[in-house]
Amino acid sequence: MKYQLKHLSFGELWGQAFNLYFDNFIPLFLITLISNAPIIFQQILNTQAIEQRLGLSETAAALTAIVTLLLMSAGYLFSTALTTELLSKKYLKQSPGIKQYIRNILPRLIPLLGLFLLLALVIGAVIFFFGLFFGFLPFPFSLLALVPGIYFLCRLYTAPVILIVEGKKVFESYRRSLRLTIKKAFMIFAFILILWAINFGVDKGSAALLPFFIQLPLSLTTQMVFFNLLNSIVSVLVMPIGSCVAILIYFNLRIEKEGFDLEHLVDQFEMPSGMPGDPGQGGQEGGGAFPPHPGDNH
Amino acid sequence: MRQETIYIETPEKIVFYYKIAQIGARVAAYVLDVVIQLAVIILVLLLISAVSGLGMTSLEPGGESQAFYLTVAFFYLLYFFFQWGYFALFELLRQGQSPGKRMLRIHVIRSDGEPLDAASILIRNLLRAVDGFPFLNILGGLVAMIDKKSRRFGDMVGDTLVVHEVRFDLKEPEFETRLSEQVVKGPGLELTRKLSEEELFVIRRFLQERYKIPKDRLREIASKLAGRVVQRLNIETSQVEKDPVLFLERVYKEHTVADEE
């Protein structure tokens, strides 16, 4: 059966996103867990009983917080880049290996940091600017100040993916994202809303387990540490779903607007042996020009 | 192994297929339904409190009034309706589609292809009490993750499935006028016979969907594909350089003629 990408509907995209997540669950979970280890560590430290027991001075606590923040940022950058690279290759049925993944993303980490910082500045500035006009209105009308910022966030949603997958520079990624997301802001907003609702539901759901932990025959400190640990692991479980959705949105937009599915199919057109681009000369894993479509079960 | 498609044979021996809605689409539809339910509850309660003159401050202990109890009563009525009636009512009246499912373009069907009946709808929705354990349909979600047809308990007992709406894909490629056939020559019937079904599939797909590709990319992709055909068939490249798209049309048409012969 031929390997072909196709344009996915809203529902199909969600189905494929979760399929991509489950199919790559272990590497995604490990990457996210390791990258979020500083956050988990910080949350455990923040448990009141632990704080009191450690008896850290204010300076030491502040230094710990700063170091943890730096590690958190580095971890977030690394996990975003690695999961994006891994998922894009897996979706295209390519498996270059972990060393190749890391080799691909290392030069893109600093530009990615720049992209995120600039994005935060731009969105913040837009919200601040419109807040000056709408901020004086009563709630909920004052929320209108957020609308332009959310619009820009949706339009620039694919910029990090473009930077990682295509290796573009920061401003080129922004420009390309703006071109790809023309007339798609509302659709992307719907995805972000549902992702947020899933995260919210999972957070609140795991918080509802607190009464269960209180009844365990353990000291209060241990109960709280286990509870914080569980909360963190549950968050780590849900985080990669956002990356899967982002990757699929990106490829879906490329298929719709640039015919990427055709280009991908052409790239797999069988070459005579010995020709450049021959799959037998270090092309895709599994051999053959046409590995099965992700949606096929033949 | 996850099952993506289900084939249903009618008593008249007609086989048709549905694409099964995977766990992701079902989760997203459920989230949308919950958001709609919450929005309706909040709106209705705000309306009631506005009409009955109840302000938010009267929700303090000791400050309750009849209006407060009225609001609470409406809240529980709405909660009961949404818990037990929302999904069943919409699936009954809207061909197996709640509002969330409608947005995701998925709907409920019976697994034997028969029309959805009230008994199936009732059973699958009553079992939400089990699927909803301990909260937020976690047990139902876990069961759907394990089941190869992505069914929760309610679907298994009610003998239903959730599938995507049927979409029809496009048609045979359209070709340019006869004038173009004189401009570009194809490789000839004998050579085009060498192309395999997979290779022809790629060319046909390109010709079917070329109109959606931006013009600046079209020639690039066409040149790439035409170049590979040329190397595959070991022929000269001059016809490709004139117009790669028309060259590919000629190749496809010649292969189709060769097939018919």
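This report walks through a predicted model, starting with chain A and moving on to cores, rings and a few single residues.

## Chain A at a glance

Let us begin with the overall make-up of chain A. It contains 14 helices and zero strands, so reading along its sequence you meet one α after another. Of the 298 residues in chain A, 44% are buried.

Two further values help to picture the chain. When contacts in chain A between residues at least 6 apart in sequence are collected, 73% of them join residues at least 24 apart. The accessible surface of chain A is about 15,100 Å², and carbon and sulfur atoms account for 70% of that surface.

## The nonpolar cores

In soluble globular proteins, nonpolar side chains tend to be buried together. Here, the largest nonpolar core has 69 residues. The residues with the most contacts inside this core are A:Trp14, A:Ile194, A:Val245, A:Ile249 and B:Leu104. Helix α13 of chain A, residues 220-258, gives the most to the core, with 12 residues. Another core lies apart from this one; it has 25 residues, and A:Val266, B:Ile203, B:Phe206 and B:Leu218 are among them.

A:Trp14 is a good place to look around. Setting aside neighbours within four places in sequence, its contacts in chain A are with A:Phe191, A:Ile194, A:Leu195, A:Ile198 and A:Val245. In chain B, A:Trp14 is in contact with B:Gly24, B:Ala25, B:Ala28 and B:Leu104.

## Aromatic rings

How many aromatic pairs does a search of the whole structure find? Over all chains, there are 24. A pair of aromatic rings is described by the distance of the centres and the angle of the planes. For A:Tyr21 and A:Phe25, the ring centres are 5.7 Å apart and the planes stand at 90 degrees, so this pair is edge-to-face. A:Tyr21 is buried, at 6% relative accessibility, whereas A:Phe25 is partly exposed, with a relative accessible area of 29%. Both rings belong to an aromatic cluster that also takes in A:Phe10, A:Trp14, A:Phe18, A:Phe22, A:Phe29 and A:Phe191.

Chain B offers an edge-to-face pair as well: the ring centres of B:Phe82 and B:Tyr86 are 5.6 Å apart, with their planes at 65 degrees. B:Phe82 is buried at 7% relative accessibility, and B:Tyr86 is buried with a relative accessible area of 2%. Elsewhere in chain B, B:Arg128 lies over the face of B:Phe87, at 3.9 Å from the ring centre.

## Cysteines without a bridge

A search of the whole structure finds zero disulfides over all chains. For A:Cys154, the nearest cysteine sulfur is that of A:Cys244, 19 Å away. Why is neither of the two in a disulfide with the other? A disulfide needs its two sulfur atoms within 2.5 Å, and 19 Å lies outside that cut-off.

Are these two cysteines buried or exposed? A:Cys154 is buried, with a relative accessible area of 2%. A:Cys244 is also buried, at 0% relative accessibility.

## A covered helix in chain A

Helix α14 of chain A spans residues 260-267 and is mostly covered, with seven of its eight residues buried. The buried ones are A:Phe260, A:Asp261, A:Leu262, A:Glu263, A:His264, A:Leu265 and A:Val266.

What covers these buried residues of α14(A)? The cover includes α13 of chain A, joined by two helices of chain B: α11 (197-209) and α12 (215-233). As noted above, A:Val266 is also among the residues of the 25-residue core.

## Two single residues to visit

A:Lys184 is located in the loop between α10 (170-180) and α11 (185-207) of chain A. This lysine is buried, with a relative accessible area of 16%. Leaving aside neighbours within four places in sequence, A:Lys184 is in contact with A:Leu253, A:Glu256 and A:Lys257.

B:Phe74 is found in helix α2 of chain B, residues 66-84. B:Phe74 is partly exposed, with a relative accessible area of 35%. Beyond its neighbours within four places in sequence, B:Phe74 is in contact with B:Leu45 and B:Ile48. From B:Phe74 to B:Gly141 is 67 residues in sequence and 30 Å in space, C-alpha to C-alpha.

Key: Residues are numbered from 1 along each chain as its sequence is written. Chains are lettered from A and ligands numbered from 1 in the order in which they are written. This is a predicted model: local features need pLDDT of at least 70, side-chain atom pairs count only at pLDDT 80 or more; totals for chains, interfaces and linings use all residues. Side-chain values use heavy atoms; hydrogens and water are left out. A nonpolar core is a set of buried Ala, Val, Leu, Ile, Met, Phe, Trp, Tyr and Cys residues joined through side-chain atoms within 4.5 Å. Buried means under 20% relative accessible area, exposed over 50%, partly exposed in between (1.4 Å probe, protein chains only). Helices (H or I, at least four residues) and strands (E, at least two) are DSSP runs, numbered from the N terminus. Contact means heavy atoms within 4.5 Å. Accessible areas come from the Shrake-Rupley method with a 1.4 Å probe; for residues, only the protein chains shown count as cover. Rings of Phe, Tyr and Trp (its six-membered ring) pair if their centres lie within 6.5 Å; planes under 30 degrees apart count as stacked, over 60 as edge-to-face and the rest as tilted. A charge sits over a ring if NZ of Lys or CZ of Arg is within 6 Å of the ring centre and within 35 degrees of the ring normal.
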